[in-house]
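Colleague: Could you take me through one part of this structure, slowly and in plain words? I'd like a close look at the place where the ligand sits and at the strand that reaches it.

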Amino acid sequence: MTDKLNGDAPQDPLKPYKGRFETYNRIPEKGREADHLLEELSLMAEEENAAWKTGKISGTYYHAGDEHRAFLNKTFSFFSHVNTIQFDLCPSMAKFESEIISMTANMLNGEAVKAVNPSDEVCGTVTSGGSESIAMAVKAYRDKARAEKGITAPEIIMPKTAHPAFNKAGEYFGVRMVMVPVDFPDFRVSPERVEAQINQNTVAIVGSAGNYPYGLIDPLAELSEMALKHKIGFHVDGCLGGFVLPWIEKLGYKIPSFDFRLPGVTSISADTHKFGYALKGTSVVLYRNPSFRRYQYFAFPDWPGGIYASPTSAGSRSGGLSAATWASMVSLGEAGYLEAARAIMKVSDEIRAAVDDIDELIVIGEPTFLVSFRSETLDIFHVNDFMKTKGWRFNCLQLPPALHFCVTLPQTRVPGLGDQFREDLAEGVSYAKQKAGTPAQSSALYGLAGTVDGNQQVTELLCGVFDHMYAI
Ligand SMILES: Cc1ncc(COP(=O)(O)O)c(C=O)c1O
């Protein structure tokens, strides 16, 4: 039995359950039956699952299928009530997290650091996601530079294409983020432009493997040499690519080095909750040696509640996520990750070929698992408008306008998806040609950004969306 009040089609995309299920603005006086709740929740989940099951949603859902997810949910349930911060009560957490870190370090060639300095040893922590991994690295660089070099106005240089999690961390931790534009039409950061920004306050530079907009790998070897030359930190953001590029490389694709094989790399973020196929809520941040990690830790010995310390910005965390992450890595094994990468690259290669075959579209850079494209003759957002009608969800890029499609495992489970993409894209381009000179629906928000006034308007609009989401 559900509390379906009416079957009318929802008007508000953020509130589709309003009027269909009971709305609670206070804890119900008497608790509801678990069976009813489970039925309601499974209805919501199934409706929302319908989208990714089409295989037409870019990125977003990274999981390795229902069976793997059910297995992880079971491992989660054994430790869902455990608090990782009380590690003395749950030694299983020390096992899971130390092994997650070690397995990730190994995958990213952590042993290579010994060739440069035999006393180095890659180490790290498990965090709640890519943004926290990045924030922790930013804090570590800030505090290390302050303690060891006396830098009190720290700066970090990042490509404009690096994830806004760096900007967020900069804002939270008082680190100035120096943004370097990417070169056109290469769309990767130019090492010369990065070097031009280095000064006595620079604590670190950033490169992505690959970046979110285009999935591209910055010229990391050059950045690595630069970091060594200037004796500054070098963070590689592998949040997106960290768990898939190693396997794509093993498949024989030409992938430039992006990990600890580069001698100047001092930290890497890699998300277990993306291509690690774990449950949502975990990532790993790795450091070349413990002298960096030490500055990530927080301790407050002087508290009436006892001596307090936490390795990351989170306090309590569910042990279930650490158990499930560990279980994902161990159950898939290298063979599982390799197979997943093979399936992803098959679809990605098909998508790339489809874009390549259309004269009006230009593939950006040398893609792997994520294909981005733009046009110099069409409004690419018209293509997006059409593709939306066919159920495709791209990520819309701006500055310049482009679209990206990130291939994850759900896309690999739909037979013939590449052919469908090819067919729909060709129609989308015809549609865009017909619509030339008219404004595309998708571009409304993007048209605003890029100026101080426009940015302010977009910011207010987005804050309004959050307010609306949190309104009952
Ligand atoms: C390259 C890159 N870095 C960092 C992040 C942030 O990760 P999260 O959303 O897990 O905080 C993302 C997310 O998509 C990303 O693509």
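Modeller: Sure, and one term comes before anything else: a residue is near a molecule or strand if one of its heavy atoms lies within 4 Å of it. This is a predicted model, so local features need pLDDT of at least 70 and side-chain atom pairs count only at pLDDT 80 or more, while totals for chains, interfaces and linings use all residues. Residues are numbered from 1 along each chain as its sequence is written, and side-chain values use heavy atoms, with hydrogens and water left out.

Now the ligand. There are 13 residues around the ligand, and G130, S131, D237, H273 and K274 come nearest. Sorted by class, this shell has four nonpolar, six polar and three charged residues (Ala, Val, Leu, Ile, Met, Phe, Trp, Tyr, Cys and Pro count as nonpolar, Asp, Glu, Lys and Arg as charged, and the others, Gly among them, as polar). Helix α5, residues 130-149, gives the most to the shell, with three residues. Helices (H or I, at least four residues) and strands (E, at least two) are DSSP runs, numbered from the N terminus.

Let's look at some polar contacts, meaning pairs of N or O atoms within 3.5 Å; within protein, one must be able to donate a hydrogen and the other to accept it, and residues adjacent in sequence count only if both atoms are side-chain atoms. G130 has a backbone N or O atom 2.9 Å from an oxygen atom of the ligand. For S131, a polar side-chain atom lies 2.6 Å from a ligand oxygen atom. D237 uses an N or O atom of its side chain, 2.6 Å from a nitrogen atom of the ligand.

D237 also takes us to strand β5, residues 233-238, where six of six residues are buried (under 20% relative accessible area; exposed is over 50%, partly exposed in between, with a 1.4 Å probe and protein chains only). In a regular strand the side chains alternate between the two faces of the sheet. Here G233, H235 and D237 are buried on one side, and F234, V236 and G238 on the other.

What does β5 pair with? Two strands pair if DSSP finds at least two bridges between them. β5 pairs in the parallel sense with β4 (residues 202-208) over five bridges, and I205 has F234 as its bridge partner. β5 also pairs in the parallel sense with β6 (residues 267-270), over four bridges, and there G238 is partnered by A270.
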